[in-house]
Protein chains: 2
Amino acid sequence: MNLSNAMFDVIKHDLEALEEELLVAAESPVEIVQEIGTHLVTAGGKRIRPALCLLAAHGGPGFELKRLLPLAAALELIHTASLVHDDVIDEAGTRRGVPTANAKWGNQISILSGDYIFAQAFRLVTREDYGNYIYHRLAELVGDLSSGEIIQNRQVYMASKDEKDYYSRIQKKTADFLEICCELGCIVSGMSPEDTKRMAEYGHCIGMAFQITDDLLDIEQTEAKIGKPAGNDIRQGIVTLPVIRALKESPDSEELEAIVTDSGMTEDMVTRAIEIVKASGGVEFAKEKADEYLERARKALPESMPEDIREAFLLVADFIGERDF
Amino acid sequence: MNLSNAMFDVIKHDLEALEEELLVAAESPVEIVQEIGTHLVTAGGKRIRPALCLLAAHGGPGFELKRLLPLAAALELIHTASLVHDDVIDEAGTRRGVPTANAKWGNQISILSGDYIFAQAFRLVTREDYGNYIYHRLAELVGDLSSGEIIQNRQVYMASKDEKDYYSRIQKKTADFLEICCELGCIVSGMSPEDTKRMAEYGHCIGMAFQITDDLLDIEQTEAKIGKPAGNDIRQGIVTLPVIRALKESPDSEELEAIVTDSGMTEDMVTRAIEIVKASGGVEFAKEKADEYLERARKALPESMPEDIREAFLLVADFIGERDF
C-alpha cells in the first residue's frame, strides 16, 4: 500500500524533516553501529506511525514541528526495532525488497541493533521534556508489542477458533500502536482531553482495520502482488479472521483444521486451505469487520478539527479500506 | 563472588523489598509472560547494581525507600534483559547454574522476553516522576550496553593490542552501568552535585576494577572454581588486559597471536595461550591496574557521607580486590 500519497500531502514538509531526524537518531560514534542504524532507518519504511502522530498533532491548537519531531521519530524507531527482532525470529531474508539486518550482519548483531534502536527511541524523547505520561505510554507500547508476539508465538498451529483471542492479539500487535501515535500527537499539541480520546479511538479502529486487511491480503493475493508467497500466515501456523470464520462455518472445517494444525504442511495443503477459506465466505466476513472498524474510525473524528486535517484522516480510512497492493 | 554479605548488611531490609518489587515487575496478565519474567528475575542475580544505587542513595539527605525502589528495580531489570539477549547470542545453556531462557523456551521467546523486560524497566521508572535527566541516562545506558556488545562482537579474533580499545569496551560494558547506579541513587536522594560527581567516579572506578578482575578470573581460575571452562574469552576471540599485555611483552607473543586470532583453535591451543599469558606477567599487570582503580574509587568517596555507608562502600572496593570465586 502506498500510503505516502494524497492523504499525507498536508504534512509533506513535516515528513521530510522526519527523515532528517531519523538519520540523526541513527548516528553513532561507532562506525558499524551507524552503518547498521542508517540501513535500518532508510530501508523503505512507510512512516505511517509518525505520519499519524504528526497529522493528529496538526489537529490540536499548539502544533510545533520542532517539538513533535522527536516523538514522531521515536515512534518510527520503536516500530523499526521491533521489525528487526521479528526478522531475526522469522529468519526473514528480505523486507520491503531490501536485505534484512540478520541477512546482512547475522542474528547476533541484529538482536543488539534492535536493542540499540529501542534505546535511541527512548533517548530521543528525552530531548523534549514530554512528561511522565508519554514515557509511560511508550514503555507500555514496547511491552505490549513484545508480549503480543510471545502470545502469537505460543499459539501457532493451535487453530484457536476464538475471535476474541484474535482481536486481542491484533490489538496488541497493531491497533494499540496506531492509537498511541494519535493520542500522543494530540497531547503534545494541546488538544482537549475529550477530543484526544476521540482521536485515540480513531487510531485504535484504523489499526484494527489495517491488521484485518493485512491478514486478508495473505489469503487473497497472489505472490506477484504482495512480494511474498500467499498463505504465509497459514504456513506459519497463525490463524487469522477469515480462517477462524472458515474453521467455524465451512463444511470442510475438519479438513481445514487438520491442515492448519500440521506444522509439516505441504504447499498443496496450503493451497487447499486457502481454497476452503475462500469458499467459506471468510474473506467477505473479514472485509465487513474491517469496514465496520473504518466506519467507527470516521465517526470518532472530532468536529473541532481543521477541515484539511479531518479530510486527510478520512482519506487514510478510505485507503485502508481499498488496500490492494 | 558473594557480594551479598557484610558490605550490604546496612541495606538488608531494602534488598528484601527490592525482591518484592522485582516480582511485581515480572507480573503480567499473560501467563507465559509472567512465567518467563518470574524465572528471569529469580534466577540468582547478585543485585549488585540496585544495591549500589540504594547504598548511594543512603549517602544523600533525602533517602526514601519507596521513592528509590522503582529506580533500583529498573536497573536490575535492564541488567537482566541484557543478559537474556547475551545468552541468546552466546547460545548459553545455563547461567548461575540455572537454565537460560533460550535453553528453556528457545531463542524466539527469549528475544521477545528481553524486549519485554527492557520495557518493564522503563515503565517502572515512570511510577515515580524522576524527571527527564534520569530517563535520559537510562536510555543512554541501554544504548551503550548494546553498542558496546556490537563493538566486542566485531573485534573477535582480531587480537587488538590497543589498551585504550579494551578500556573503552569494558567502560561501555560494565563501568558506565555501575557509575549510573551510583549517580542516579545520589540524585534521587538529593545529594549535592559535587558529591554526586564523586560517587559517579567511585562507580566508574569499581566498575573498571570489577571487569578487569572478571576478565582475570578467566585466565587464572580452574573450571571447578568459576563453573565454566577457563580461557573462555580466548576461545571466543575476545582479548582482555592480561592477553593484550602478553601480546606486547611476551617473547612468545607471535605464537600467542597466532592462537588468539584462530577461530578454530583447539583446547590444547587455549591451554598454551593461558600458559604464555601467565608467564608474561600479564596477570600481575592487570591486577595492578585493578588495584589502581580501586584506590581511585576509595579516594573518590565524599567526606560528607554517613560513616556506616562510607564503610560499606570501602568494603565493596575491598571485596572486588580480593575477588576469588
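Q: In which loop of chain B does A159(B) lie?

A: Helices are DSSP runs of H or I with at least four residues, and strands are runs of E with at least two, numbered from the N terminus. A159(B) lies in the loop between α7 and α8 (163-188) of chain B. This is a predicted model, in which local features need pLDDT of at least 70 and side-chain atom pairs count only at pLDDT 80 or more, while totals for chains, interfaces and linings use all residues. Residues are numbered from 1 along each chain as its sequence is written, and chains are lettered from A and ligands numbered from 1 in the order in which they are written.

Q: What is the phi of A159(B), and how does A159(B) count in terms of exposure?

A: A residue is buried if 20 or more other C-beta atoms, placed from the backbone, lie within 10 Å of its own, exposed if 12 or fewer, and partly exposed in between. Phi of A159(B) is near 50 degrees, a positive value in a residue other than glycine, and with 19 C-beta neighbours inside 10 Å A159(B) counts as partly exposed. E91(B), in the loop between α4 and β1 (94-95) of chain B, likewise has a positive phi near 50 degrees without being glycine, but E91(B) counts as exposed because it has 11 C-beta neighbours inside 10 Å.

Q: Which residues of α15(A) are buried, and which are exposed on the other side?

A: The expected span of a helix is 1.5 Å times one less than its number of residues. For α15 (residues 282-300) of chain A, with 19 residues, that gives 27 Å, in agreement with end C-alpha atoms that are 27 Å apart. The buried residues of α15(A) are G282(A), A286(A), K289(A), A290(A), Y293(A), L294(A), A297(A) and A300(A). They cover an arc of only 140 degrees around the axis, which puts them on the same side of α15(A), the arc being that of the directions from the helix axis to the C-beta atoms. E288(A) and K299(A) are exposed on the other side.

Q: Against which helices do the buried residues of α15(A) pack?

A: Two residues are in contact if their C-beta atoms, placed from the backbone, lie within 7 Å. The buried residues of α15(A) pack against α9 (193-220), α12 (241-249), α14 (267-279) and α16 (307-322) of chain A.

Q: With which residues is L68(A) in contact, leaving aside its neighbours within four places in sequence?

A: L68(A), which lies in helix α4 (residues 65-90) of chain A, is buried, with 27 other C-beta atoms within 10 Å. Apart from those sequence neighbours, L68(A) is in contact with L54(A), A57(A), G185(A) and V188(A). L54(A) is 14 residues away from L68(A) in sequence, and their C-alpha atoms are 7.0 Å apart in space.

Q: By what turn can chain B be laid on chain A, and how many residues does the contact take from each chain?

A: Copies are superposed by least squares on the C-alpha atoms of residues with pLDDT of at least 70 in both. Chain B can be laid on chain A with an RMSD of 0.0 Å by a turn of 180 degrees and a shift of 0.0 Å along the axis. The two copies are thus related as by a two-fold rotation axis. The contact takes 35 residues from chain B and 35 residues from chain A, and the largest share of the side of chain B that touches chain A, 14 residues, comes from α7(B). Because 100% of the interface residues of chain B are also interface residues in chain A, the copies meet through the same surface.
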